[in-house]
Amino acid sequence: MSVPGARPYGRRAFLLLLAGGVSSFWWAGEASNVLSPFTSALSQLLGNLFPVGGWRIYTISGSMPVFDESSYRLEVTGLVRRPRSFTYAELLALPRSHQVSTFHCVTGWTVRDVHWSGVRFDHLLDLVEPLPAAKALRFDSLEVPYNDSLSLEQVGLHDVMLALEMDGQPLSRPHGSPARVVIPEMYGYKGVKWLTKIELLDNQPVGYWEGLGYDQNAWVGHSNGYG
């Protein structure tokens with residue numbers, strides 16, 4: 001795709017990452033932080049070639065994490081008075097919110113009228129009681145090294161949630177089972193999938209994709225060379 005005003009790294013970087021991505025399957029697994037840009041590029045190519053229901057499924061590591069309900073925990077820690085470790089059953093028991101919104105990928109495709117169900121972050125944060133110094137949340141995925149962050153103000157937007165269901169069904173593995181971040185006003189890379197940890201911090205850290213040059217505040221139509 002061609003985006004007016006887009007950064008020059010986009011197309012050239014993708015082709016370089018793709019070339020490395022194919023060869024990376026023969027490299028050592030211990031180097032995941034080095035390999036992830038390459039496997040991510042291959043994943044994007046395959047996702048674009050074989051969309052499912054309008055979705056292109058991308059990964060960083062080249063494979064999707066497997067969710068084990070019996071051992072899964074969502075850790076909420078950092079600058080909070082009451083750190084919590086939620087089981088999947090405990091997450092399902094929290095007050096539920098529902099919404100219909102459009103999903104935007106920074107690569108240019110969208111999926112409209114996605115039905116999400118989950119927990120508002122305001123409610124989740126009430127349970128852990130953030131300290132006054134807390135300014136941002138970092139989200140860690142089961143897919144290492146995938147992580148990203150949002151400010152406290154951003155997670156308080158009316159349609160931001162910790163999603164547990166999509167289109168009336170529990171999140172599937174490709175869509176981030178068991179829990180993912182949903183923030184419709186930003187591009188999809190901010191919606192960390194396969195969520196396993198939330199840490200409250202005194203400043204907003206750079207996430208995985210920002211480390212590759214993408215914007216931290218990924219507002220749809222107003223970032224990453226758009227708008």
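Is Leu 137 buried or exposed? Leu 137 counts as buried, because its relative accessibility is 0%. The model behind this value is predicted.

## Overall build

The protein has five helices and 10 strands. Of its 227 residues, 47% are buried. Among contacts with a separation of 6 or more, 64% join residues 24 or more positions apart. The exposed surface comes to about 10900 Å². Carbon and sulfur atoms supply 57% of that area.

## Strand 5: Leu 137 and Phe 139

Leu 137 is found in strand 5. Phe 139 is found in strand 5 too, which covers residues 136-141. Phe 139 has 0% relative accessibility, so this residue counts as buried.

Leaving aside neighbours within four places in sequence, Leu 137 is in contact with 10 residues that include Phe 121, Leu 125, Leu 152 and Leu 200. With the same neighbours left out, Phe 139 touches residues including Phe 121, Tyr 146, Val 181, Val 192 and Leu 195. Phe 121 appears in the contacts of Leu 137 and in those of Phe 139. So do Asp 148, Ser 149, Leu 150, Val 155 and Ile 198.

Two C-alpha distances add to the picture. Leu 137 and Asp 202 are 65 residues apart along the chain, with 8.9 Å between their C-alpha atoms. For Phe 139 and Thr 196, 57 residues apart in sequence, the C-alpha separation is 7.7 Å.

## Salt bridges

The structure holds six salt bridges. One of them joins the side chains of Glu 165 and Arg 96, at 3.4 Å from N to O. This pair links distant parts of the chain, 69 residues apart. Glu 165 sits in strand 7, and Arg 96 in the loop between helix 3 (88-93) and strand 3 (97-104). Glu 165 is partly exposed at 22% relative accessible area. Arg 96 is partly exposed at 27%.

Lys 190 forms a salt bridge with Glu 210, and the closest N and O atoms are 2.7 Å apart. Lys 190 lies in the loop between strand 9 (180-182) and strand 10 (195-201), and Glu 210 in the segment after strand 10, so the bridge ties together parts that are 20 residues apart in sequence. Both Lys 190 and Glu 210 are buried. Elsewhere, salt bridges with shared partners join Arg 138, Asp 140 and Glu 199 into one network. Within this network, the closest N and O atoms of Arg 138 and Asp 140 are 3.7 Å apart. Arg 138 is partly exposed, with a relative accessible area of 23%. Asp 140 is buried, at 17%.

## A buried acid without a partner

Asp 159 lies in the loop between helix 5 (152-155) and strand 7 (161-166). Asp 159 is buried, yet has no salt bridge. Which side chain of opposite charge is nearest to Asp 159? It is Arg 120, 6.1 Å away. A salt bridge needs a nitrogen within 4 Å of a carboxyl oxygen, so this pair does not qualify.

Beyond neighbours within four places in sequence, Asp 159 is in contact with Gln 99, Arg 120, Val 182, Pro 184 and Glu 185.

## Cavities

The model contains two cavities of 30 Å³ or more. The largest holds about 360 Å³ of space. It is lined by 24 residues, and those closest to its centre are Tyr 58, Tyr 146, Gly 188, Tyr 189 and Lys 193. Tyr 146 is also one of the residues that Phe 139 touches.

## Backbone exceptions

Most residues other than glycine have a negative phi, and most peptide bonds are trans. The peptide bond from Val 144 to Pro 145 is cis, with omega near 10 degrees. Pro 145 is placed in the loop between strand 5 and strand 6 (147-151). A cis bond also joins Ser 177 and Pro 178, where omega is about 10 degrees. Pro 178 falls in the loop between strand 8 (169-170) and strand 9.

Asp 113 has a positive phi, near 55 degrees. Asp 113 belongs to strand 4 (residues 110-120) and counts as exposed, at 56% relative accessibility. Asn 224 has a positive phi near 55 degrees as well. Asn 224 lies in the segment after strand 10 and counts as buried, at 7%.

Key:
Residues are numbered from 1 along each chain as its sequence is written. This is a predicted model: local features need pLDDT of at least 70, side-chain atom pairs count only at pLDDT 80 or more; totals for chains, interfaces and linings use all residues. Side-chain values use heavy atoms; hydrogens and water are left out. Helices (H or I, at least four residues) and strands (E, at least two) are DSSP runs, numbered from the N terminus. Buried means under 20% relative accessible area, exposed over 50%, partly exposed in between (1.4 Å probe, protein chains only). Contact means heavy atoms within 4.5 Å. Accessible areas come from the Shrake-Rupley method with a 1.4 Å probe; for residues, only the protein chains shown count as cover. Lys and Arg count as positive and Asp and Glu as negative; His and the chain ends are not counted. On a 1 Å grid over the protein atoms alone, a cavity is a set of points where a 1.4 Å probe fits but cannot get out, and a pocket is an open set with protein on both sides within 12 Å along at least five of seven lines; lining residues have an atom within 4 Å of a point. Grid points are joined across faces, edges and corners, and a volume is the space filled by probe spheres set on the points.
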